[in-house]
Amino acid sequence: MDAAEAERLTVTCRAARPEDRLEMLEITHTIWDGKDYVPRVWDEWLADESGLLAVAESDGRVRGFGKLTRLSDDSWWLEGLRVHPDFEGRGIATRLQEYLTAAWRKIGSGVLRLATSAERVQVHRLCARSGFSLIGERVLYQAPSLEKGEHHFIAIEKDDLEAALRVIAASQLVQTQSGLIDLGWQWAVPVRELLLDPVADQRAYWWRGAPTDAMLLYMEDEPEEDEPDQPVIPTIQLLACPLESLAACLHDFRRLAAEAGFESAAWVAPYQPEVIAALEDAGYERQWEGSLYLFAKG
């Protein structure tokens, strides 16, 4: 298709339907060498009544899609934006983002966020055009667990939730994390409802006392379906502690990981000099060559 034909491309956005699945598979089968996660969550996204799964059609065919997801009352997430490779660069992503943003303004409130690779310059430009601001950069660090030595973590109880939220709100370190909790490739403001599962599952801890000005929440990063033999990795969701104690806390997390039966510990950490220095002091190594950018619109 030449430039003139591209200009004549008519795109219509609508809510996705079950019968769109085959065209979704056509779009995703080449992404990440056929390991795109979208086919695994498509039915769940279709059934999500609090958000919206949308597709972009041209000439009666689905050429792209994207998902608006509610994380909490005031935290919303844009994810899974995909465009058919034969139709990239022709405004489909822009139309989808405009459509989903309009839906958010109608049904949601607070802040709308998204994450993308630091290398996807075209997405950064789309974000700039549509009023999103860059709020942070993240990179994955990982270290083997440590079986020797005692850690200084104490489980946070449900009755401690309000104290935990006060620690989070006052933490300078949390501000380096854009003030957000990692929900697994989604980031949101850490309100009470988002702390309930980590506390109930004993994945939330005070560090050096109960309560203190230091706490840590982690999630269990499950392996991909096609790699079932890969180990589960405990990954920090949110960390609050004095910056001068960060390396010691991260070192202790390696011991906590060993006690829980894990082989390693990880953090998709804010790409800030003081944080990276503490990670390296605590024996963590960078796992990605690239990084993630977080964008927000409110």
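pLDDT is the predictor's confidence in each residue, on a scale from 0 to 100. Keep that handy, as this is a predicted model.

**Exercise 1. Work out how far to trust the chain, and where to hold back.**

Step 1: start with the average. The chain comes out at a mean pLDDT of 94, and 96% of the residues score at least 70.

Step 2: look for the weak spot. Residues 1-6 have a pLDDT below 50, and this stretch has four contacts in the model beyond near neighbours in sequence.

Step 3: decide what to do with it. Where pLDDT is low, predicted coordinates shouldn't be read in detail.

**Exercise 2. Describe how H6 packs against H8, then find what covers the buried residues of H6.**

Step 1: get the geometry. H6 (residues 161-170) and H8 (residues 192-200) pack at about 115°, and their axes are 11 Å apart. Their crossing is right-handed.

Step 2: list who meets whom. H6 brings Leu161, Glu162, Ala164, Leu165 and Ile168, while H8 answers with Arg192, Leu195, Leu196 and Val199. Sorted by class, this contact has seven nonpolar, two charged and no polar residues.

Step 3: check burial along H6. Leu161, Ala163, Ala164, Leu165, Val167 and Ile168 are buried.

Step 4: find the cover. What lies over those buried H6 residues includes helix H7 (172-176), H8, S10, S11 and strand S12 (233-240).

**Exercise 3. Classify the angle between H4 and H5, and say which residues make the contact.**

Step 1: the helices are H4 (residues 92-107) and H5 (residues 121-129), packed at about 45° with axes 11 Å apart.

Step 2: apply the cut-offs. Roughly parallel needs an angle under 35 degrees and roughly perpendicular starts at 65, so H4 and H5 are oblique to each other. The crossing of H4 and H5 is right-handed.

Step 3: name the contact. Ala93, Thr94 and Gln97 come from H4, and Leu126, Cys127 and Arg129 from H5. That splits into three nonpolar, two polar and one charged.

**Exercise 4. Do the same job for H9 and H10.**

Step 1: H9 (residues 246-259) packs on H10 (residues 273-281) at about 45°, with the axes 8 Å apart. That makes the pair oblique.

Step 2: add the handedness. H9 passes H10 in a right-handed crossing.

Step 3: read off the partners. From H9 you get Leu246, Ala247 and Leu250; from H10, Glu274, Val275, Ala278, Leu279 and Asp281. By class, the contact of H9 with H10 has six nonpolar, two charged and no polar residues.

**Exercise 5. Place alanine 214, decide whether it is buried or exposed, and find its neighbours.**

Step 1: locate it. Alanine 214 sits in the loop between strand S10 (204-207) and strand S11 (215-221).

Step 2: test burial. The cut-off for buried is under 20% relative accessible area; alanine 214 is at 1%, so it counts as buried.

Step 3: collect the contacts. Leaving out residues up to four places away in sequence, alanine 214 touches Val167, Tyr205, Trp206, Trp207, Ala240, Cys241 and Pro242. Val167 is one of the buried residues of H6.

Step 4: compare with a residue of H8. Leucine 196 lies 18 residues from alanine 214 in sequence, and their C-alpha atoms are 18 Å apart.

**Exercise 6. Repeat the burial test for serine 72.**

Step 1: serine 72 belongs to strand S3 (residues 61-72).

Step 2: its relative accessible area is 2%, so serine 72 is buried.

Step 3: its contacts, beyond residues up to four places away in sequence, are Val191, Glu193 and Leu194.

How values were computed:
Residues are numbered from 1 along each chain as its sequence is written. This is a predicted model: local features need pLDDT of at least 70, side-chain atom pairs count only at pLDDT 80 or more; totals for chains, interfaces and linings use all residues. Side-chain values use heavy atoms; hydrogens and water are left out. Axes are lines fitted to C-alpha atoms, for helices over the stretch in contact, and angles run from 0 to 180 degrees between N-to-C directions. Helices (H or I, at least four residues) and strands (E, at least two) are DSSP runs, numbered from the N terminus. A crossing is left-handed if the near helix is turned anticlockwise from the far one by less than a right angle, and right-handed if clockwise. Contact means heavy atoms within 4.5 Å. Ala, Val, Leu, Ile, Met, Phe, Trp, Tyr, Cys and Pro count as nonpolar, Asp, Glu, Lys and Arg as charged, and the others, Gly among them, as polar. Angles under 35 degrees count as roughly parallel, over 145 as roughly antiparallel, 65 to 115 as roughly perpendicular and the rest as oblique. Buried means under 20% relative accessible area, exposed over 50%, partly exposed in between (1.4 Å probe, protein chains only).
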